[in-house]
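Visitor: I'm new to this one, so let's zoom in on a single part. Please walk me slowly through the way strands pair up here.

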Amino acid sequence: MPTPAIQARGLVKWFGEGEARTMAIRGVSLDACFGEMLYVVGPSGSGKTTLLSILSGILRPNEGTVVVKGQDIWHLSKDALAGFRLATIGFVFQDYHLFPRLTTAENVAIPLILRRRPWPESLASALHYLDVVGLKDRADLPPIKLSGGEQQRVAIARAIISNPEILILDEPTASLDGETGRRIVEFVRTHVLTHERCIVIVTHDSRIAEFADRTITMEDGRITGEARGG
Amino acid sequence: MFPLLTLAYKLLVNDRAKFTALTVGLTFSVFLMVLVTSMFVGIMQRASATVLNTGAPMWVMDPAVTTVANSIPMPDYVLDAVRSMNGVRYAVPLYSGGGLVKLDTGIYQSVTVLGLDDTTLFGRPYLIEGKIEDLYADDAFIVVRDTEFTKLNNPKLGTTFEINDHRAVVVGIAEVPVSSLFGIPTLYTTYRRAIEDIPSARFTLTYVLVQPKDAAAVPEILRQVHELGYRALTAQGFRKQITSFYIYQTGVGTNILIMTIVSFLVGLSISGQTFYTFILENLERFGALKAIGARSYELISIILFQAVLTGLTGYGLGVGLCALVIALAKLRLPDYAAMLTYLNLGLAFMMVLIIAGVSGYVGVRKVIRVEPFDVFRG
């Protein structure tokens, strides 16, 4: 029986009030386990991104609980929640969000810098993780000099540098061509996923479906399907 | 905290175009603020030249006097009355007035004449040529060598000229710490000769210079002179009064204020605008940092550090540039009326801090409001 990394129960989220109220999530419950690569798929507006934000401690639900490693994260204070994200979760954003004025290595080092690690130590660690994603020779370049696929790998290196137990990838292939996107997710599957790590990917790219351990389908704020594999 | 500040530093400095724009804008702003206020301080010092050069600790004058130049003569009994007051060690008369010199060439030149007490010559200048006792010789005058000296055709010891149709002989060339504001040469002579040579009204006593027995006696002397119907001021008080006159009763103060405000607004607008653009360009990335786990106060410290760093860089460069310009100007014009003081440096520093604070606040407001969730929404 795999150990659950995230246990979400009865999540409800709406935006606006009164007549303007829009339901984004309607009573979603799910588990994501260590050693598992979980896909959340569904059409635009189905609530995938909202669910991802709630699971990662970014967006507070109106109802329901999210338990990570035995702790209900939504009972934490704002600062404690930020600390929790920094220590436990790695993010790979759709648009990478790399600082164009920093070098690739400095971008990767940011989570360690936020954890008050000394600058040289953070950079040394960044070089190691750039080596892991095969971009050590690009360490001194600004991200703008890298291709989309390379930038995505830099973002992955930044996400895993602090060795988080949970990795959240938001549409990781949306800005990449099919082959590059496929290689990126394959890389994550092969090199990043471990027994001590849980990876949640929001996507509607069916070309990468083969890499999933389990896929949850969402529609209109509800889970409408769950399947093993892609 | 230091790794975070290193990150802030790199984010700022690596954006060379914006950092240059910020630094140049603030440097220019500080340069203007410091130069304008330095000129004001220099001009005010010149306006108080007689007070500074004479070195008397206390001055007694008519209550209507606003500056040294617009003196109002007092009756002679004031000198005796002041001498008899408690706390006064000694008191001497000083004449200050304007004369008209006719040079060898036939050209007339206005001058300031200071008549020193015949007995003590209290307030005499430092002589670089001649002997002070020669001032007791017939028609003797001392000429101050400053930038106005050439207007008397560079007189030497023994040079003669006419002053208000009286013969005058140069017996000494002097230097004074501060040159006069009004662009005319200064002559020293004895009090008795001054009132003989310069046409005057019924009263001739322009000022009484007072040496109190000690600092504790000053308030008592001020009170007694006030009771006499006149005004006594310490040297510092007199300088303050002169400065107040130029600030509030002439256009000088208003113009300096306007120029300083304009310089401040130039710096504020350049810094605020550039900083705002910088934050807007990086807003999503700051949102990403929040998502990753950066606390709000950490982002605030990044932005404030950047604002303060640019402010201090601009301040340093601005002050340096201003000092350079003043030094170069003084090479060409030794009496160029501008001087840097701790006061105007402090004033500019305060204004730079305000600029940095406002610029930082603009950025902080934006960054605090950005939601990490917006990063996911794209």
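Guide: Let's start with a rule: two strands pair if DSSP finds at least two bridges between them. The strands themselves are DSSP runs of type E, at least two residues long, while helices are runs of H or I of at least four residues, and both are numbered from the N terminus. In general, strands of a sheet pair through backbone hydrogen bonds, either parallel or antiparallel.

A quick word on what you're looking at. This is a predicted model, in which local features need pLDDT of at least 70, side-chain atom pairs count only at pLDDT 80 or more, and totals for chains, interfaces and linings use all residues. Residues are numbered from 1 along each chain as its sequence is written, and chains are lettered from A and ligands numbered from 1 in the order in which they are written. That pLDDT is the predictor's confidence in each residue, from 0 to 100. For the complex, the predictor gives an ipTM of 0.86 and a pTM of 0.78.

Now find the open sheet in chain A. It has four strands, ordered S2-S1-S4-S5, with antiparallel pairing. At its edges stand strand S2 (22-33) and strand S5 (71-72) of chain A, each with a single partner strand, so one side of each has no neighbour in the sheet. Follow S2(A) inward and you meet strand S1 (residues 4-15) of chain A; the two run antiparallel and are joined by nine bridges. If you'd like one pair to put your finger on, Lys13(A) has Ile25(A), in S2(A), as its bridge partner. As a rule, side chains in a regular strand alternate between the two faces of the sheet.

Next, look at strand S3 (residues 37-41) of chain A. S3(A) pairs with strand S9 (residues 214-219) of chain A in the parallel sense, over four bridges. Here Leu38(A) is bridged to Arg214(A), in S9(A).

S9(A) also pairs with strand S10 (residues 222-228) of chain A, this time in the antiparallel sense and over six bridges. One of the links to look for is Thr215(A), whose bridge partner in S10(A) is Ala227(A). Together S9(A) and S10(A) make a hairpin with two residues between them. In that turn sits Asp220(A), with a positive phi of about 55°.

So, to retrace the last stretch: S9(A) has a parallel pairing with S3(A) and an antiparallel one with S10(A).
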